[in-house]
Amino acid sequence: MRKRLLTGIALAGAMALAVTGCSTDSGGGDGDAGAGGGGGGDVITVGFAQTGSESGWRSANTESMKEAFSEENGFELVFNAADNDPAAQIQAVRSFINQGVDAIVIAPIVEDGWEDVLQEAKDAEIPVILEDRTVTASEDLYETWVGLDFTKEGEMAGQWAAETFTEPTKMVVLEGTTGSAPANDRAEGFDSAIEGTPIEKIDSQTGDFTRDGGKSVMEGFLSKYGADGIDLVYAHNDDMALGAIDAIEAAGAVPGEDIKIVSVDAVRDGMQALADGKINYIVECNPLLGEKAAELVKAVVAGETVEKRTIVEDQAFDQAAAEEALPDRKY
Ligand code: AHR
């Protein structure tokens, strides 16, 4: 924990948290942005503002981060999951600033609205490292970002669709969280890849990256267009695709046959559905970013210069590739 004078408000807040027993979470406890326990020696105290727990991908990402930011790796982790509420996530970051952590890692729920709190972290001389998602704020306000190329993921999914559908095709889209980098970029990448093809986007709505959201939005599409009126679903993540599968089956149609599905993530449940023929193609989004994020935090805290962007490569899977990959899949 860096030695910094807490403001009166921050001190009062930290004392209140201590009194209520809300303290540092070094491995569990979603939603706890409690006061860091100091550590001492070379221990690096890191506040991690996670989006929430909306998907299988998110669980794997949280696990990877907690593993990497462990005590044995020299960290004290203060973990907060904001339940996909952007205001709550910003509040968690403010709490980290007030606690005087050594570094802050953020997986930003949405791209916009980060200028003020990032400036506050900068003024407090606390380095910010972004993981997974990006922000629209100036690059000067954070040290570095590690994540995936969401636009390329969308392009890869769109390229598969463009090659697969050569006749007029009615497509519906299950979008991720509105305003999030992956929802924005995956839409853009896909749309550019299907430009000039006979694929027509007849509807597009957010399912918030959740299985329940994907299911209820798909139910709405099915009652509006009928199973015969939809040829293809593009889901911005596997969880929404899995929800759509439930809705399609409940409507008496066969997912993967009557209605084809392409999605992004390649988490185990999605890969199993692909192997079972219920999803037709998946582009990976690798959630195992913890090790790289921890390496970057150590370098930044040590005053080293790091690359502004680190992109982790993704691959794509059809049914045969999913069958082959599943036995060794880590998430
Ligand atoms: O930011 C990555 C996205 O967030 C994943 O694709 C999705 O499953 C998660 O909720």
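The following exercises with worked solutions concern the ligand site of a predicted model.

**Exercise 1.** Determine which residues surround the ligand and how they divide by class.

*Solution.* Begin with the residues around the ligand: E54, S55, W57, R58, D132, R133, F150, P182, R186, F209, N237 and D265. Next, sort this shell by class, which gives 6 charged, 4 nonpolar and 2 polar residues.

**Exercise 2.** Identify side chains that place a polar atom within 3.5 Å of a ligand oxygen atom, and state how much of the ligand the protein covers.

*Solution.* Among them is E54, with a side-chain N or O atom 2.5 Å from an oxygen atom of the ligand. For R133, the distance from a polar side-chain atom to a ligand oxygen is 2.8 Å; for S55, the corresponding distance is 3.1 Å. Taken on its own, the ligand has 280 Å² of accessible area, and the protein covers 100% of this.

**Exercise 3.** Locate the ligand with respect to cavities, helices and domains.

*Solution.* First, the largest cavity holds the ligand. Second, helix 2 (56-68) and helix 6 (181-194) are the elements that contribute two or more residues to the shell. Third, the ligand lies between domain 1 (8-147 + 287-311) and domain 2 (150-285), because both give residues to the shell around the ligand.

Terms used: Residues are numbered from 1 along each chain as its sequence is written. This is a predicted model: local features need pLDDT of at least 70, side-chain atom pairs count only at pLDDT 80 or more; totals for chains, interfaces and linings use all residues. Side-chain values use heavy atoms; hydrogens and water are left out. A residue is near a molecule or strand if one of its heavy atoms lies within 4 Å of it. A polar contact is a pair of N or O atoms within 3.5 Å; within protein, one must be able to donate a hydrogen and the other to accept it, and residues adjacent in sequence count only if both atoms are side-chain atoms. Accessible areas come from the Shrake-Rupley method with a 1.4 Å probe; for residues, only the protein chains shown count as cover. On a 1 Å grid over the protein atoms alone, a cavity is a set of points where a 1.4 Å probe fits but cannot get out, and a pocket is an open set with protein on both sides within 12 Å along at least five of seven lines; lining residues have an atom within 4 Å of a point. A molecule sits in a cavity or pocket if more than half of its atoms lie within 2 Å of its grid points. Helices (H or I, at least four residues) and strands (E, at least two) are DSSP runs, numbered from the N terminus. Ala, Val, Leu, Ile, Met, Phe, Trp, Tyr, Cys and Pro count as nonpolar, Asp, Glu, Lys and Arg as charged, and the others, Gly among them, as polar. Domain bounds come from an automatic or database domain assignment.
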